[in-house]
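Welcome, and thanks for taking a look at this protein. Let us walk through its sheets, its domains and one of its side chains together.

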Amino acid sequence: MNEIIEAIKRSAIRIKEAIEFDDTGYSENINSTGDTQLKLDIKSDLIIEEEFKKVVCIKEIVSEEKETKTPLHAEGIYGVGYDPLDGSSLIDVNLSVGSIFGIYEGGYAGSNLKVAVYVVYGPRVELVIAQDSVKLYRLNKKDEFVYIQDIVLKEKGKLNAPGSTQMCWEPKHKAMIDAIFADGYRLRYSGGMVPDLHQILLKGGGLFSYPATSDVPKGKLRMIFEVFPFAFVYEKAGGEAIDGHNRILNLNPSHPHDTTPCFFGSHAEIERVRKCYE
Ligand code: FDP
């Protein structure tokens, strides 16, 4: 497992350099979700694949940027699902973006997730590893990730990050979001799930939601690459992640790119979601 984490660190340092200095333009390619890929999406995906190829315990990888799984080492035991550069369309306006990794053993169900890792490329580069606990590291001048602190959510937070297009929300969802704001929560939403979820984790708690809507009835965010890893992080930090009804980590996708509605937060906010959706 340590070898996988070291490969993620090497990838993060290379992706950080690409974000800082490479062309931010679009390529000619369209990925399996239908998004036109940025040159940086393709480069980040290649960097990660190159680094993971050196790690023999990885059996296969599945990237948000590719339609199908890529076998790596027949003797390997882990499958890694990853989003190489989440929120990449925010790079041209110089907002934070991230990479997300889920390390699975025995298939890509939420219950098979062993470790989740994400990297935030912001004013600083930070790495978060969730195993038994959730640990925050920061890149120093010598290209080392230095331990900063454990991340633990409070019982109730103050931030609200409501995703998707409001005109497509169900009335009950709108009523819940309005009620949360009426209770004094502050809006924090950049449009990049990595920095938005990271902010809630570091500021002690709150709610991030990406619900089922009239335009995306099964939600937008992908289980294997985005939702399961963050559900794992939130649970290990003492919070919760549900799809409105069920625990996210009990879900089992039938296709690598399956999506789900999702709600991440501390206990108090997730309890509100349960009451709204029950
Ligand atoms: P993006 O499409 O820009 O890559 O992964 C999808 C994602 O970003 C998340 O990072 C983000 O939370 C979400 O989409 C934002 O979607 P909305 O603009 O629909 O709220």
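Two strands count as paired if DSSP finds at least two bridges between them. With that in mind, in this predicted model the bridge partner of Ser63 in β5 is Tyr82. That pair belongs to a set of five bridges joining β3 to β5, and these two strands run parallel.

**Two domains**

Where do the domains begin and end? The domain assignment of the protein gives domain 1 as residues 2-150 and domain 2 as residues 159-277. Their centres, taken over C-alpha atoms, are separated by 21 Å. Across the boundary, 40 residues of domain 1 are in contact with 28 residues of domain 2. The size of an interface is often given as the accessible area lost when the parts come together. For domain 1 and domain 2, about 2500 Å² is buried between them, with 68% of it on carbon and sulfur atoms.

**The eight-stranded sheet**

Let us start with the sheet that holds β5. It is an open sheet of eight strands, ordered β4-β3-β5-β6-β7-β8-β9-β10, and its pairing is mixed. At the edges are β4 (70-71) and β10 (145-150), each of which pairs on one side only. Helix α1 (residues 2-21) packs on this sheet and touches β3 (58-63), β5, β6, β7 (113-121), β8 (125-130), β9 (134-139) and β10, with its direction making about 20° with that of β7. Helix α2 (residues 39-53) packs on the sheet too, touching β3, β4, β5 and β6, and its direction makes about 155° with that of β5.

Strand β5 deserves a second look. Nine of its nine residues are buried, so β5 is largely enclosed by the rest of the structure. While β3 runs parallel to β5, strand β6 (residues 97-105) runs antiparallel to β5 (residues 78-86), joined by seven bridges. Along this antiparallel pair, Gly79 stands opposite Tyr104 in β6, and Asp83 stands opposite Ile100 in β6.

**The five-stranded sheet**

The other open sheet described here has five strands in the order β12-β11-β13-β15-β14, again with mixed pairing. Its edge strands are β12 (186-187) and β14, each pairing on one side only. Helix α3 (residues 171-182) packs on this sheet, touching β11 (159-162), β12, β13 and β15, and its direction makes about 155° with that of β11. Within the sheet, four bridges join β13 (residues 206-210) to β15 (residues 262-265), and the two run antiparallel. One facing pair is Tyr210 with Cys262 in β15. Helix α5 (residues 223-236) lies across β14 and β15, running at about 25° to β15.

**A closer view of Glu240**

Strand β14 (residues 240-242) contains Glu240. Is Glu240 buried or exposed? Its relative accessible area is 17%, so Glu240 is buried, the cut-off being under 20%. Which side chains form polar contacts with that of Glu240? The table lists two of them.

| Side-chain pair | Polar contact |
|---|---|
| Glu240 and His267 | 2.8 Å |
| Glu240 and Arg274 | 2.5 Å |

Leaving out residues up to four places away in sequence, Glu240 touches Tyr234, Glu235, Phe263, Phe264, Gly265, His267, Ile270 and Arg274. Both partners in the table, His267 and Arg274, are thus part of this list of contacts.

Methods
Residues are numbered from 1 along each chain as its sequence is written. This is a predicted model: local features need pLDDT of at least 70, side-chain atom pairs count only at pLDDT 80 or more; totals for chains, interfaces and linings use all residues. Side-chain values use heavy atoms; hydrogens and water are left out. Buried means under 20% relative accessible area, exposed over 50%, partly exposed in between (1.4 Å probe, protein chains only). A polar contact is a pair of N or O atoms within 3.5 Å; within protein, one must be able to donate a hydrogen and the other to accept it, and residues adjacent in sequence count only if both atoms are side-chain atoms. Contact means heavy atoms within 4.5 Å. Axes are lines fitted to C-alpha atoms, for helices over the stretch in contact, and angles run from 0 to 180 degrees between N-to-C directions. Domain bounds come from an automatic or database domain assignment. Buried area is the accessible area (1.4 Å probe) that two parts lose on being put together, summed over both.
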